[in-house]
Amino acid sequence: MTERRLEIDAVSKRYGDVVALSDMTFDVRAGELFGFVGSNGAGKTTTMRIALGVLAADSGVVRWDSRPVTVDTRRRIGYMPEERGLYPRMKVGEQLEYLAELHGMSRSAARSSARRWAERLGVSGRLGDEVQKLSLGNQQRVQLAAALVHDPSILILDEPFSGLDPVAVDVMSDVLREKAAEGIPVVFSSHQLDLVQRLCDRVGIVRSGRMVACGPVAELRAGGTARLVVGAPDAPNGWAAGIPGVSVAEHRDGTTVLELAAGADDQAVLRAALATGPVHEFARRLPSLTELFRNVVSEHVGGHTGTEEARV
Ligand SMILES: Nc1ncnc2c1ncn2[C@@H]1O[C@H](COP(=O)(O)OP(=O)(O)OP(=O)(O)O)[C@@H](O)[C@H]1O
């Protein structure tokens, strides 16, 4: 397989005075699941819409296979918009077939693909129903089927998991994994960071229109501030105060989670914990993606002015 990539290269976009994207840069490689995360208003949807070509960038370029994307490339993208884009009064089956044909499939191929995806996503019983009669979660399954029905070479999905029940989350996760395993680059945005941590090969954290951390999930976590979990049921609030390089991230039900700066002495923590009574747990762990995200976002609060700060 060639190393095909979707590249977002130094893309900038303003809406009037609002800087939505500045020098947004990352790539999504063939066969990988890329999680695109960031606070509300950070610029994820804007980036995805520019990649799809429904919005023009002020500067920068989006490439596929090392060439700027063309109308033809864009026909090969499967896109799931955040605002969802189905025709409410059209029947599910007709809609999927129509979208497949619009992307160049023959009528019979469109029909069989529509049935196959409806089956795979658990909505085959609803092919004859109008979209508006489906629950929101089922509409979302249909929306994913709509992104997949024309057998795309690239998948760009804007918050595909929002509002899904746990079973639907599993189905969606399996389908995305399968598509990535077929060699398709899959990028999706999400605020469900535990899910992103579990599912993705790489992740990009966006803040105020810029990529502020990007890489393999395990690598980012390994580079974050280490945590120490201390189970000391008799330890009072503030027991770890004053130990150099140590700060309390959480103290609840006899368990304290501490953040250790580089060079902090974990043995000093252990001694302090033992001084309070029994210690049942003492373990280092990597920060979760959620914790990393909070750190990255809070690091910059106050570091910017005006609109940017408001959107951190
Ligand atoms: N059509 C528009 N006109 C003016 N400003 C816009 C428009 N669309 C987006 N913006 C602004 O651009 C910035 C980026 O918005 P965008 O929708 O890309 O963020 P997002 O990361 O997708 O957010 P969310 O997680 O809330 O969906 C925000 O400040 C937003 O208010």
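Which residues are the closest to the ligand, and how many surround it?

## Ligand shell

This is a predicted model. In it, the ligand is surrounded by 13 residues. Tyr15, Asn40, Lys44, Thr45 and Thr46 are the closest of them.

Two elements, β2 (18-29) and α1 (44-52), each supply at least two residues of the shell around the ligand. The helix α1 gives the most, with three residues. Sorted by class, the shell holds six polar, four nonpolar and three charged residues.

## Domains

The domain assignment divides the chain into domain 1, which covers 5-217, and domain 2, which covers 225-285. Taken over C-alpha atoms, the centres of domain 1 and domain 2 are 42 Å apart.

## Strands β11, β12 and β13

Strand β13 (residues 255-260) pairs with strand β11 (residues 226-231). These two strands run antiparallel and are joined by six bridges. One of the pairs at this junction is Ala226 with Leu260, the latter lying in β13.

Strand β12 (residues 246-252) also pairs with β13, again in the antiparallel sense and over six bridges. Here Val248 stands opposite Leu258 of β13.

## The turn between β12 and β13

Together, β12 and β13 form a hairpin, with two residues between the strands. Asp253 lies in the turn and has a positive phi of about 50°.

Definitions and conventions: Residues numbered from 1 in each chain as written. Predicted model: local features only at pLDDT ≥ 70, side-chain atom pairs only at ≥ 80, totals over all residues. Domains from an automatic or database assignment. Pairing = 2+ DSSP bridges. Helix = DSSP H or I, 4+ residues; strand = E, 2+ residues; numbered from the N terminus. Near = placed C-beta within 6 Å. Nonpolar A, V, L, I, M, F, W, Y, C, P; charged D, E, K, R; others polar.
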